[in-house]
Structures are given as structure tokens and as C-alpha cells.
Amino acid sequence: MILAEKIVRLRKQVGWSQEELAEKMNVSRQSVSKWESTNSIPDLNRIIILAEIFDVSTDFLLKDENEAFDSRDESRELDTIQVSLEQAVKYIEHKMEVSALVTKGVMLCVCSVVPLFFFLALAETNRLNLTGDIAAAIGVVSILVMVSIGISFFIKTNQYESDIAVIDNEAFELAYGVHSVFKEKLKKFRVTYNRRLSVGIFMFIISFVPLMFVSMFFGGLGIILMMLIVLILMIAAGIYIVAPVSAQYDAYNNILKDSCLETAKSKRTKRAEKLAAFYWPLLTAIFLGWSLWTMDWGVTWIIWPVGAVLFAALVGLMELLDKEES
């Protein structure tokens, strides 16, 4: 096997594009292309650098009789799909559309208890002649309707699965120039991402402040319920701020990974999505059952912040168990 073939196979084996290898070698992409097409041969210094980068010996690179490649790598090369700039742009657009649907669904599920708290607060303050039972009934119906609509948004994301599967799940390699374009896009977007992520986290942290303040200085159930609404709306606002930029940031990184295998991060995301599809409807059912059994809506709301923390803990536990198995 000649040097040019070895460079190609070693580069594909680690999942790099010609442009990425050129950056690591501090040469132009055209130089790498010429090496791989046998139009030129790298000098001795470049061969030494290639050996260091690919963790092989210079003898392996220079001697044609050395051909110790795993046949699995050859099959991976044949299956690799080249992704053009247009395909990469469409992938970002589809990921953003999926994120918009998921964000709407999550916000509806999170805010589904807002009408319940609102009508219970009206009943507590004797507004509109509402009794506690009528307010609870209206609130439960609102929860069921909003959760149903939210689930419909989750289901709609299936229409984009085939469009994003190539980059998310298949072996691929970026066409020439695509890596540099998206590397520059990610660099510019990182400022927006950090800013919106900071704002969203700040919203999550301070969401309990109004409720805590009212609980300390006021004792009325009606105003506490209104502060619960404020808490939930602030959490929903944080989700609205964080979710789209997080999806876009992950989409950029998925493209720039320029690899043949699904990353560990995407696996974690899919595990979390599967858990969420089961967890949040179950939590809603527990909340409704507990609340209807006790009719103590002023206490049962606590299941939502506790459930959110428990969900994060379960995702972390799944990750820990996965590491132990590997």
C-alpha cells in the first residue's frame, strides 16, 4: 500500500476531513489533496508530523509493504456519506423546527397547571362566585387539554426524523469548505448562546424568589397561588430562552464532529428524550390523582419542582450506569 492510500485511510479512521488534517499539519487543504491523489509527496518533516498525529511509525508510512489496517475501517469508508453545504444548512433548519415544536410542547406541559392555580385563587378570594370544586374542575380540564396539545407537538417532530438522520446517525464527511463555514458560524453564535443561556439559568434560579417572599410576609392562599403562577411562567420563559439556542448550538457541533459514529452526547440526549416521554405524563397523572384524592391543591403543586429535580437526577443516574457498563 502506497503512502497516499495510507494517509487517506488514517484520516478516515479518525474521522477527519482533508481541511481538518490540513489545519493540524499547518498546510493548505490543496496540499493534503495532492498527497492523497499521488500528485505530490510530503517532505520528511511532514511525514514525521503525520506519524505523530496518527500515532504510527514513519516506517509504517514509508514502507509500501506495511498494510496493517482493520477491515472494519475499510467498510466504514465505503459507507461514508458526503454532506454538502446545502444539506448542512437544511439540517440546521430542521433541527430548529424540531426544537420549536419540542419547546412549545414542554411549555404547554409546564404551564398546564396555571389555569388551575388561577381559578383556585379566584375561588379563594370569592371572585366570580367560583367555588373550590368548580375551580378545580376547570383547572383539571385545562391541564388535560394543554398536556394533550403539548404531546401533539412532540408527535409532530417525527416528520423531521428522516431529514436529520444522516447527520445524527449515519456515517458522513463534510464536503470541502463546509467545515470552515460552520466553524465560523459556531464561533459567532457562541456569544449569543452564552448570553441567552446565562439569562435562562438566571430565570430558573430566581423563579422561587416571589413565592418565597410572599410565603414569608403574607399568609393568604390566594396570593400564594398567584405567586405559583409567576414561578411557573418564569420557568417557562427560561425554557423559551434556553431551548432554541441549545438546540442550535448542538446542531452546529453535530455537523462539526464530522465523524462516522453517533457521539456520546447525542446518545445522552436520546436517552433523556425517551425518559421524558414516559416521565412527564406519569408525573401529570400522579399530580392529578393526588390532588383529586386530597383536594388540597395548595399543597400538591410541590410535585412539579420536586419532579423537575428528580428528572435531572434520573438523567444523571442513567449516565452513571452507562459509564459503569462501558
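Which residues does Ser 142 touch, not counting residues up to four places away in sequence? Keep that in mind while you get your bearings; we'll come back to it below. One thing to know before clicking around: this is a predicted model.

**Whole protein**

Start with everything shown as cartoon. You should be looking at 16 helices and 2 strands. Now colour by burial: of the 326 residues in the protein, 41% are buried. Switch on the surface and you have about 18,000 Å² of accessible area, with 62% of it belonging to carbon and sulfur atoms. If you like contact maps, take the contacts with a separation of 6 or more: 77% of them are between residues 24 or more positions apart.

**Stop one: Ser 142**

Select helix H9, residues 132–156, and pick out Ser 142 inside it. Back to the opening puzzle: leaving out residues up to four places away in sequence, Ser 142 touches Ser 112 and Pro 115, so show those two as sticks as well. Ser 142 has a relative accessible area of 17%, and because the cut-off for buried is under 20%, Ser 142 counts as buried.

**Stop two: the rings**

Next, hide the sticks and select the aromatics. There are 5 aromatic pairs in the whole structure. Zoom in on Phe 189 and Tyr 193, a tilted pair with 6.5 Å from centre to centre and 35 degrees between the planes. Both sit in helix H11, 4 residues apart, so about one helical turn separates them. Check their burial too: Phe 189 is buried at 10% relative accessibility, and Tyr 193 is buried at 14%.

Stay on Phe 189 and add Tyr 252. Here the ring centres are 5.7 Å apart and the planes meet at 70 degrees, so this pair is edge-to-face. Tyr 252 belongs to helix H13 (residues 221–256) while Phe 189 is in H11, so the pair ties together parts 63 residues apart in sequence. Tyr 252 is buried as well, at 7% relative accessibility.

Now widen the selection to Phe 182, Phe 189, Tyr 193, Tyr 249 and Tyr 252: ring pairs link these residues into a cluster.

**Stop three: Asn 194**

For the last stop, select Asn 194, which is also in helix H11, residues 178–206. Is Asn 194 buried or partly exposed? With 40% relative accessibility, Asn 194 is partly exposed. Finish by drawing a C-alpha to C-alpha distance from Asn 194 to Val 245: the two are 9.0 Å apart in space and 51 residues apart in sequence.

Note on methods: Residues numbered from 1 in each chain as written. Predicted model: local features only at pLDDT ≥ 70, side-chain atom pairs only at ≥ 80, totals over all residues. Heavy atoms only, no water. Buried < 20%, exposed > 50% of the residue type's maximum accessible area, 1.4 Å probe, protein only. Contact = heavy atoms within 4.5 Å. Areas by Shrake-Rupley, 256 points an atom, 1.4 Å probe, with all protein chains shown as cover. Phe/Tyr/Trp six-rings, centres within 6.5 Å; stacked < 30°, edge-to-face > 60°.
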